[in-house]
Every structure is written in C-alpha cells, then in structure tokens.
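Visitor: I should like to go through this model with you, beginning with one of its helices. May I put my questions once it is on display?

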Amino acid sequence: MASVTAPKRYHLTTFGCQMNQHDSERMEGMLESLGWQRAESREEAGLILFNTCSIREKADQKFITHLHDAHAIKRRDPDTIIGVGGCWAQSVKEEVFVQFPFVDVAFGPGQVDRLAEFLNSDSLTAQGFFEFESFTGRLPQKREREHHAWVQISVGCNCRCSYCIVPMTRGIEASRPLDELVEEVRGLVAKGVSEVTLLGQNVNSYGRDLKDGGITTFSGLLREVDGVEGLKRLRYTSPHPKDMREDVVEAHRELKSVCEHIHLPLQAGSSKVLKAMRRTYDRERYLARVEMIRSVLPDIGLTTDIIVGFPGETEENFQETMEVVDQVGFDGAFTFIYSARRETDAAEMPDQVDHQTKVDRMQRLLPLVQRRASERAQRFIGREVEVLVEGASRTDAARLRGRSRESKVVNFDGVAEAGQIVKVTIEAATSQTLDGTQVLAGVPTV
Ligand code: SAH
Ligand code: SF4
Ligand code: F3S
C-alpha cells in the first residue's frame with residue numbers, strides 16, 4: 001500500500017465544468033499549503049489525482065482511460081498514491097474501490113478537505129469521503145490565471161432536471177454567506193485579480209437557504225461585489241431561465257463591473273420536451289425572458305446550452321429547437337447529444353432516441369448555431385471593444401489574445417501584457433472569435 005512519505009509531488013488532471021476547475025484550484029492550493037508541489041508528468045508524481053466529471057457517458061470513458069494509465073504507473077512504482085475526487089467519484093462512492101482496487105483515496109465535491117487528512121494520516125487502507133459537508137471555496141486557492149478568479153457562491157442544485165446527474169453528485173443547494181463572499185473578492189482584488197466569475201449550479205437562486213429573512217438575493221450579491229473597489233469585471237454562471245428576473249437584468253445595466261454576457265441554458269425548443277426534462281419553463285416563457293433581457297440590454301452577448309435527442313424528441317420537436325435557435329440568434333451555444341445517466345428519470349423513459357438520429361440532429365443543429373453566431377458577431381466590426389489580455393494568440397504567437405466583456409475571444413495585433421485591459425478595433429468576426437488591432441494612445445486609427 002502507498003506510503004505518504006514518497007516524494008511530495010502531485011499531478012492533477014481535471015475534467016468537467018468551471019466548478020471543477022475551481023475545485024481543482026482549491027485542491028492545488030490545499031496541497032501546496034501542505035508542502036506538495038506540482039509535477040510536470042504523472043511519472044514524476046508521488047500522488048496522481050483526478051478531479052472527475054460524470055455529466056455524460058463520454059466524460060466517464062475519458063476518465064477511465066486516464067485512470068488505467070495511472071494504474072500502469074503504480075504497477076511500476078507501487079508507492080504512488082492514486083486519488084479520485086469530483087462528481088464521478090461521488091456518483092459511484094465506495095464502489096470505486098471494488099471496480100478499481102488500486103485507488104487509494106476517493107472523495108466527493110463536498111469533502112475535498114479530507115484529502116489533506118488522508119495524506120497526513122499515514123493511512124494503510126483505502127479511504128472514501130462522500131458526505132456533502134464543506135464548501136471547497138473555503139480552501140486555499142492556486143489560480144491558473146493570475147488576473148481571473150473563480151468564486152464559489154453556492155454548491156449543489158435543488159432542481160431536478162430529469163436528465164441530469166448533478167443533484168446526485170453535488171447534493172442540495174447551500175449558499176455561502178454574502179459577507180464572506182464580498183470579503184473573498186476584496187482579498188482577490190488586493191492580490192491583483194481584475195475579473196471574477198461567480199459560480200453555482202443555479203446562481204440566481206443564491207441566498208434562498210440563508211437565514212437572514214430572505215433579503216439576500218443574487219442581484220443583491222452582484223451589487224455588493226460590484227462595490228468592491230478595483231474590481232473591473234464581474235461574471236457569473238449558470239443562471240436558470242426560471243429564476244432570471246428583472247432585478248438581475250437591471251443589475252447588468254446599472255453596475256459597472258457586471259459584464260455584458262448572459263449564459264441562459266435553453267436545453268430544448270419544444271415545450272413538450274422541456275416539460276419531460278422538468279425545466280419548469282416552456283418555449284414561450286423562455287422567449288419572453290430573452291425579450292425582457294434584450295429590451296433592457298439590446299447588445300448583450302447571449303449564449304446557451306442545448307441537448308439533442310432527449311427521450312421522446314420527435315423530428316417535429318427537434319425542428320422547434322431549430323426554430324428557437326434561429327429566432328433568438330445566440331452569440332454561442334454548447335450543444336450536447338443526450339446521454340443517459342445512471343439513476344436519472346430520463347434514463348428510464350421509453351422512446352430513447354437511437355444514436356444515429358441524435359448524431360444526425362446534431363449535424364443539422366451545429367451549422368445553424370454557427371451561422372447565427374457569426375451573423376451576430378458582425379455587429380462588432382468597426383467597433384472598439386474592451387479586451388482583458390490573456391496572453392499570446394493560440395494560432396499566431398506574434399499576436400495577442402483576450403476576451404471582450406461580451407465573452408468573445410479576441411485575437412489582435414498590439415503590445416500589451418497579460419492582465420491589462422485594452423481597447424481593440426474589430427476588423428473581422430467569425431462565430432467563435434473576433435479579430436482586430438489594438439488602439440494605441442497617440443496613434444490615430446485610420
Ligand atoms: N447547472 C448548470 C449546468 C449543468 S451541466 C445549468 O443547469 O445550466 C451543463 C450542461 O450539460 C447542461 O446545461 C446540459 O445542457 C448538459 N447536460 C446535462 N446533463 C446531460 C445529459 N445527461 N446529456 C447531455 N447533456 C447534458
Ligand atoms: Fe442539472 Fe438542472 Fe441543476 Fe443544471 S439546473 S445542474 S441541468 S439539475
Ligand atoms: Fe461539473 Fe461534470 Fe460535476 S459538469 S458539476 S464536474 S458532473
């Protein structure tokens with residue numbers, strides 16, 4: 001069995017959503033506070049860690065391949081500790097040790113702190129920690145990007161979307177107190193952070209569980225965080241369309257730091273499918289929300305999530321999704337093929353759609369999503385947009401890359417350091433990226 005006095009180097013692989021990226025930054029922060037250092041490869045690590053996702057079957061398969069790779073390393077070096085955290089671990093719990101006996105420690109998203117306990121305990125037996133107990137957001141943080149920070153405002157989800165494994169893997173919703181969050185953001189800004197993304201499964205139900213007479217709302221939180229001196233940009237993900245109210249939209253208009261981007265997951269354009277998904281809004285209500293948002297914020301960047309091939313989705317129902325996508329004209333969309341998840345109601349529904357039909361629908365949806373996003377993006381041409389610089393462009397190292405307030409990736413010619421906020425004149429636009437030239441002080445633009 002693994003010894004915990006092995007070289008104190010860890011290697012962490014992260015799968016899944018922004019919440020997992022956040023949790024991984026906290027895992028790393030915690031490990032480094034215990035004296036562990038990041039290893040460049042798994043072979044060099046005494047502790048091989050995975051932060052897992054289980055949202056779709058593909059996510060599981062991807063992780064299992066990596067886990068076998070770690071097993072091969074452990075066969076060569078039996079002192080290696082293998083740790084598995086996150087949503088997949090939570091969804092299988094102790095079963096992980098039956099299926100994969102070489103795993104030393106497993107923990108769910110609610111007990112990341114127990115990893116420290118395990119590493120300090122000289123434990124000789126494998127251990128699993130799966131209670132929903134603590135906020136990962138309270139652990140030390142090692143940020144991937146110096147100028148950007150994730151802030152976990154709540155954990156868990158009280159919705160019961162029939163396709164979704166997250167309520168099982170993340171538990172019931174619990175919010176962190178407002179004062180604590182404002183204090184955290186203040187500390188981050190003092191360390192040089194200029195952009196913060198607030199994270200929760202359903203951010204706009206924030207505060208409902210806090211016992212302060214119901215005055216703590218998501219828009220109230222936005223207001224307080226916006227008040228932190230020196231914070232330049234405030235983002236959040238994800239809101240649920242059912243809870244997207246006027247006060248949050250007004251907050252976008254009024255508060256300087258709140259960025260001009262809303263991610264509003266549609267999932268499906270058919271009211272019948274939305275009902276079976278248990279989304280609690282129908283097509284008309286979703287469209288009314290979009291209209292309300294655009295009446296206050298005409299230029300807002302609007303993105304979404306869409307699932308194709310949900311059980312019972314007919315060709316006609318799929319066409320309704322196509323219609324909504326065409327009508328709304330999203331600035332971007334994450335599109336997913338429905339994947340049956342263990343212990344979800346949708347997995348048990350009759351009329352599962354066959355794989356080829358799902359793939360075929362996805363192939364028809366994608367070009368429409370891209371065409372509408374590209375059409376929308378043309379509005380930026382000729383405009384000066386504000387860009388937070390992230391570093392060199394991925395396609396051309398001589399150019400720079402950053403993100404606009406509307407959450408568009410911008411590749412541009414210019415001279416700037418990562419973390420700087422600059423103005424860029426946009427000259428070309430595709431569905432994914434904008435392209436332009438930095439506006440330099442004293443140099444007239446032609
Ligand atoms: N809490 C967030 C994010 C949930 S997971 C929200 O509700 O918006 C991110 C996305 O994955 C979802 O919005 C959904 O589009 C997709 N997803 C979730 N479960 C899925 C499944 N079983 N099959 C395919 N896509 C799924
Ligand atoms: Fe899953 Fe629905 Fe909760 Fe999002 S709101 S995490 S899709 S159950
Ligand atoms: Fe995120 Fe995947 Fe869990 S999407 S919440 S890491 S199941």
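Visitor: Which residues are exposed on the other side of H2?

Guide: This is a predicted model. In H2, the buried residues include Phe63, Leu67 and Ile73. They cover an arc of only 155° around the axis, which puts them on the same side of H2. On the other side, the exposed residues are Lys58, Lys62, Thr65, Arg75 and Arg76.

Visitor: What do the buried residues of H2 pack against?

Guide: The buried set also includes Ala59, Asp60, Ala70, His71 and Lys74. These buried residues of H2 pack against strand E3 (47–52), strand E4 (81–86) and helix H3 (87–92).

Visitor: How far apart are the end C-alpha atoms of helix H2?

Guide: Helix H2 comprises 20 residues, 57–76, and at 1.5 Å a residue they should span 28 Å. The model agrees with this expectation, as the end C-alpha atoms are 30 Å apart.

Visitor: Which helix gives the most to the largest nonpolar core?

Guide: That core has 65 residues, of which Leu198 and Phe218 touch the most other members. With six residues, the leading contributor is helix H7 (residues 178–190).

Visitor: How many residues does the other core have?

Guide: It lies apart from the largest core, and its members include Ala39, Leu67, Trp88 and Ala106. Leu67 is also one of the buried residues of H2. The other core has 23 residues.

Visitor: How many charged residues are in the shell around ligand 2?

Guide: The residues around ligand 2 include Cys157, Tyr163, Gln201, His240 and Arg279. By class, seven residues of the shell are nonpolar and two are polar, while the number of charged residues is one.

How values were computed:
Residues are numbered from 1 along each chain as its sequence is written. Chains are lettered from A and ligands numbered from 1 in the order in which they are written. This is a predicted model: local features need pLDDT of at least 70, side-chain atom pairs count only at pLDDT 80 or more; totals for chains, interfaces and linings use all residues. Side-chain values use heavy atoms; hydrogens and water are left out. A nonpolar core is a set of buried Ala, Val, Leu, Ile, Met, Phe, Trp, Tyr and Cys residues joined through side-chain atoms within 4.5 Å. Buried means under 20% relative accessible area, exposed over 50%, partly exposed in between (1.4 Å probe, protein chains only). Helices (H or I, at least four residues) and strands (E, at least two) are DSSP runs, numbered from the N terminus. The expected span of a helix is 1.5 Å times one less than its number of residues. The arc is that of the directions from the helix axis to the C-beta atoms. Contact means heavy atoms within 4.5 Å. A residue is near a molecule or strand if one of its heavy atoms lies within 4 Å of it. Ala, Val, Leu, Ile, Met, Phe, Trp, Tyr, Cys and Pro count as nonpolar, Asp, Glu, Lys and Arg as charged, and the others, Gly among them, as polar.
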